[in-house]
2 protein chains.
Amino acid sequence: MGDLGIRAAVPEDLPVIVGMLADDPLGAQRESPDDLTPYRAALERLAADPNQRLVVAVRGDRVVGTLQLTIIPGLSRRGATRSIIESVRIHSDERAGGLGTQLIEWAVEESRRRRCQLVQLTSDTSRVDAHRFYERLGFTASHVGFKLHL
Amino acid sequence: MGDLGIRAAVPEDLPVIVGMLADDPLGAQRESPDDLTPYRAALERLAADPNQRLVVAVRGDRVVGTLQLTIIPGLSRRGATRSIIESVRIHSDERAGGLGTQLIEWAVEESRRRRCQLVQLTSDTSRVDAHRFYERLGFTASHVGFKLHL
């Protein structure tokens, strides 16, 4: 399989990242892999924010996974900092091969390094396999996740 | 009842904010209103981050509510920016008086102003009244919220 590395995403990674975002039952309806313009602008906003880490997993010279980690300071829980994991995607060639676990473990370690006391994520109610995956990694399904589209 | 204002939280608000965080079935176990030191440090981190808005609702000269709004850029959904609402608390004197609605409506308007396409929040599964409240305001309970304590 080759060695796995995890590094910050760069503009050259965008075609593969957006391809992975779109190669998903939910993502297929809401991404535009043929027009990368909005993604380029978003990557610039992410790169400018020290509380954002958009990373890719790389095997050899291929991008095979991605994840976004946001660090959120706050007052609750005695001024606890928390992190939020978003937009986890694994290339179809790599699914069920342990890469998802490695990416989440990276995010948990990075959260510890940034002194977070809590790691959070939400997962669409339809992603039942993902729910089992997060529970195996020690996450607790303690909350209901609400969304409002503007 | 007097006019209601919503403004950025300042260090002088901390005793009342932390009192509200602690005056809650879940918060009572995890806050320390007698020692504000960790909260002061957290407020400094929040004030230094342009993607954070920690606000208080003020009626006359009394702080009666609080909410944290985080702006999160991202690649998913064609580079959509989203916002996350955290740590909503209403003073016990003001509950069921419409202040919660006004605070959430402020957060939604601020999210629009910051060009967010999505507003998210999670609520502990035990907070059944809060779930009905968010659904009345147009939020959809579409996700499962996972947490991992570090």
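**Entry 1: packing of H1(B)**

I take contact to mean heavy atoms within 4.5 Å. The model I am reading is predicted. With that in hand I looked up helix H1 of chain B, residues 14–22. I find B:Leu14, B:Ile17, B:Val18, B:Met20, B:Leu21 and B:Ala22 buried in this helix. Next I asked which elements the buried residues of H1(B) pack against. In chain B, I list helix H2 (37–47), strand S2 (52–59), strand S3 (62–72) and strand S4 (82–90). From chain A, I add helix H3 (76–79).

**Entry 2: confidence**

I checked the scores of the prediction. For chain A, I note an average pLDDT of 94, with 99% of the residues at 70 or above, that is, scoring at least 70. For the complex, the predictor gives an ipTM of 0.92 and a pTM of 0.93. I keep in mind that predicted coordinates should not be read in detail where pLDDT is low.

**Entry 3: the sheet**

I traced the strand order of the open sheet and count twelve strands with mixed pairing. The order I wrote down is S1(A)-S2(A)-S3(A)-S4(A)-S5(A)-S6(B)-S6(A)-S5(B)-S4(B)-S3(B)-S2(B)-S1(B). Which strands lie at the edges? They are strand S1 (4–8) of chain A and strand S1 (4–8) of chain B, each of which pairs on one side only. Ignoring direction, I get an average turn of 30 degrees between neighbouring strands of this sheet.

I then looked at what packs on the sheet. Helix H4 (residues 99–113) of chain A does so, touching S1, S2, strand S3 (62–72), S4 and strand S5 (118–124) of chain A, as well as strand S6 (140–149) of chain B. Its direction makes about 30 degrees with that of S3(A). Helix H4 (residues 99–113) of chain B also packs on the sheet. I see this helix touching strand S6 (140–149) of chain A, together with S1, S2, S3, S4 and strand S5 (118–124) of chain B. The direction of H4 of chain B makes about 30 degrees with that of S3(B).

**Entry 4: S2(A) and its partners**

I followed strand S2 (residues 52–59) of chain A to S1(A) and find an antiparallel pairing over five bridges. Within it, A:Ile6 stands opposite A:Ala57 in S2(A). Towards S3(A), I find eight bridges, and the two strands run antiparallel. There A:Leu54 stands opposite A:Gln68 in S3(A). The hairpin of S2(A) and S3(A) has two residues between the strands, and A:Gly60 takes a positive phi near 60 degrees in it. I also asked how many residues of S2(A) are buried. The count is seven of its eight residues, and the strand is mostly covered.

**Entry 5: A:Ile84**

I placed A:Ile84 in strand S4 (residues 82–90) of chain A. Is A:Ile84 buried or exposed? I read 5% relative accessibility, so A:Ile84 counts as buried, given that the cut-off for buried is under 20%. Leaving aside neighbours within four places in sequence, I find A:Ile84 in contact with A:Gln68, A:Leu69, A:Thr70, A:Ile72 and A:Gln120 of chain A, and with B:Ile84 of chain B. I also took the C-alpha separation of A:Ile84 and A:Gln52, and it is 9.8 Å with their positions 32 residues apart along the chain.

**Entry 6: salt bridges**

I find 20 salt bridges over all chains. I looked up three pairs and one network.

The side chains of A:Glu110 and A:Arg53 meet in a salt bridge at 2.8 Å, N to O. The pair links distant parts of the chain, with A:Glu110 in helix H4 and A:Arg53 in strand S2 of chain A, 57 residues apart. I note A:Glu110 as buried, at a relative accessible area of 7%, and A:Arg53 as partly exposed, at 25%.

A:Asp129 and A:Arg132 form a salt bridge through their side chains at 2.7 Å, N to O. Because they are three residues apart in helix H5 (residues 128–136) of chain A, about one helical turn separates them. A:Asp129 counts as exposed at 56% relative accessibility, and A:Arg132 as partly exposed at 47%.

In chain B, I find the side chains of B:Arg59 and B:Glu94 in a salt bridge at 2.8 Å, N to O. This pair, too, links distant parts of the chain: B:Arg59 is in strand S2 and B:Glu94 in the loop between S4 and H4 of chain B, 35 residues apart. B:Arg59 is buried, with a relative accessible area of 12%, and B:Glu94 counts as buried at 6%.

Last, I noted one network in which A:Asp24, A:Arg89 and A:Arg127 are joined by salt bridges that share partners.

Conventions. Residues numbered from 1 in each chain as written. Chains lettered and ligands numbered in written order. Predicted model: local features only at pLDDT ≥ 70, side-chain atom pairs only at ≥ 80, totals over all residues. Heavy atoms only, no water. Helix = DSSP H or I, 4+ residues; strand = E, 2+ residues; numbered from the N terminus. Buried < 20%, exposed > 50% of the residue type's maximum accessible area, 1.4 Å probe, protein only. pLDDT = per-residue confidence, 0-100. Pairing = 2+ DSSP bridges. Axes fitted to C-alpha atoms, helices over the stretch in contact; angles between N-to-C directions. Salt bridge = Lys/Arg side-chain N within 4 Å of Asp/Glu carboxyl O.
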